[in-house]
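Please explain how this protein is put together, beginning with a charged residue inside a strand and moving outward to the cores and the less certain stretches.

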Amino acid sequence: MYSIVGLMLHFLRFFPRAVPIGSRMYALILLAVVLAACAGGAIPEVDGPWPRLDPAPAGPATGTVARLPKEWTFYSQPPEVFGVPVLRPSGGTEWEVTGRWTAAAADLSGRQGWLLQRAWYRLTGDVAPWGRVVLWGQLPDDWIVGDRMAVPTVVPSQGKPWRTVPYSVGHVLAVPVDGTIPLHACPDWTCPVLERPVRDQAVPVTGQFTDGDGQVWYRVEFRQRILWAEAGAGRLTVSWAGRLRRGGAEAAGYRSCEPVVMFPPPPHTLCPVDGDGRFLDLLEREYDQLDPVFGRLVRLEDD
């Protein structure tokens with residue numbers, strides 16, 4: 001197989017000598033970019049993480065509800081036990097509270113500013129396509145209406161750790177100029193839409209999955225959530241942002257992030273990561289909810 005340089009020299013022989021050298025060099029540079037994009041490799045096939053929701057427990061109601069003053073994210077299980085986001089109900093909704101769990105103290109060798117010292121509440125609700133199931137929300141206590149002492153202490157079931165390439169090696173979805181990309185909680189049209197990125201927001205692709213009907217879904221990362229986009233919802237492109245050097249280190253790829261700066265408000269963009277999927281920028285790493293070391297979604301090592 002030709003190397004990129006070899007192919008460039010091979011095609012150079014087909015340019016007429018009358019063509020100016022500047023035009024030939026421009027064509028070669030364009031050819032190199034195209035060939036490099038093709039050399040980025042295929043998107044890896046993946047099978048998760050899939051949300052696994054427990055059925056709603058039978059038993060007397062606690063008489064306590066969670067009343068949301070604003071939009072919030074609910075999970076299949078707390079992320080400490082490998083839960084993933086499944087629903088983002090709007091403010092003004094109420095959810096029955098059936099249990100409460102406080103996670104063990106995390107091992108914080110670094111300053112993890114994103115870690116919120118709040119309890120996880122077990123909630124009950126009807127969510128398509130799963131039916132009446134258990135949901136988990138890390139909620140402020142003042143959102144709980146009723147007798148919190150009547151809410152029993154429970155232990156969430158253990159989710160399934162996921163095996164993956166934890167970053168994009170060059171593939172990204174471009175949002176259409178006149179629309180958005182609906183990002184689902186799982187690779188199915190009936191699964192809730194959790195995010196709708198707009199134009200100029202980066203959506204790196206970390207894997208792909210083909211369902212039983214032959215439909216291809218891209219697994220993406222957006223706002224530190226692992227989500228799914230139907231192939232064709234956005235234009236698949238190749239970005240070289242992740243190949244940049246940062247602090248003397250060369251990036252293995254990149255993940256989505258909002259750079260930690262004070263002003264102006266940062267765009268949702270791509271940040272370079274090392275071979276373990278950790279941000280090269282140490283400040284961004286400290287606020288990373290999906291960091292393989294400090295984050296709450298843990299990657300299985302290869303067998």
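**From a buried arginine to the cores**

In this predicted model, Arg122 belongs to strand 5, which spans residues 120-127. Arg122 is buried and yet forms no salt bridge, the nearest side chain of opposite charge being that of Asp54, 7.3 Å away. Beyond four places in sequence, the residues that Arg122 touches are Pro57, Glu96, Val97, Thr98, Gly99, Val134, Leu135, Trp136 and Val154.

One of these contacts, Trp136, lies in strand 6, and with a relative accessibility of 2%, under the 20% cut-off, Trp136 counts as buried. Apart from its neighbours within four places in sequence, Trp136 is in contact with Phe74, Tyr75, Ser76, Gln77, Pro78, Trp101, Trp120, Tyr121, Arg122, Val154 and Pro156. Among these partners, Trp101 is 35 residues away along the chain, and the C-alpha atoms of Trp136 and Trp101 are separated by 9.6 Å.

The nonpolar side chains can be followed next. In soluble globular proteins, nonpolar side chains tend to be buried together. The largest nonpolar core here has 19 residues, of which Phe74, Leu123, Leu135 and Leu139 touch the most other members. Strand 3 (85-87), strand 4 (94-101), strand 5 and strand 6 (131-138) each supply at least two residues of this core, and strand 5 gives the most, with three residues. Leu123, leaving aside neighbours within four places in sequence, is in contact with Ala66, Phe74, Trp95, Glu96, Val97, Thr98, Val133, Val134, Leu135, Gly137 and Leu139. A second, separate core of 14 residues includes Leu173, Val175, Leu183 and Leu227.

Further along the chain comes strand 17, residues 253-257, which is largely enclosed by the rest of the structure because five of its five residues are buried. In a regular strand the side chains alternate between the two faces of the sheet. Both faces of strand 17 are covered, with Gly253, Arg255 and Cys257 buried on one side and Tyr254 and Ser256 buried on the other. Strand 17 pairs with strand 18 (residues 269-273) in the antiparallel sense over five bridges, and within this pairing Ser256 stands opposite Leu270 of strand 18.

How far the predictor trusts its own model is a separate matter. The average pLDDT of the protein is 77, and 70% of the residues score at least 70. Over residues 1-12 the pLDDT stays under 50, and the model has eleven contacts beyond four places in sequence for that stretch. Residues 26-39 also stay under 50, with 13 such contacts in the model.

Conventions. Residues are numbered from 1 along each chain as its sequence is written. This is a predicted model: local features need pLDDT of at least 70, side-chain atom pairs count only at pLDDT 80 or more; totals for chains, interfaces and linings use all residues. Side-chain values use heavy atoms; hydrogens and water are left out. Helices (H or I, at least four residues) and strands (E, at least two) are DSSP runs, numbered from the N terminus. Buried means under 20% relative accessible area, exposed over 50%, partly exposed in between (1.4 Å probe, protein chains only). Lys and Arg count as positive and Asp and Glu as negative; His and the chain ends are not counted. A salt bridge is a side-chain nitrogen of Lys or Arg within 4 Å of a carboxyl oxygen of Asp or Glu. Contact means heavy atoms within 4.5 Å. Two strands pair if DSSP finds at least two bridges between them. pLDDT is the predictor's confidence in each residue, from 0 to 100. A nonpolar core is a set of buried Ala, Val, Leu, Ile, Met, Phe, Trp, Tyr and Cys residues joined through side-chain atoms within 4.5 Å.
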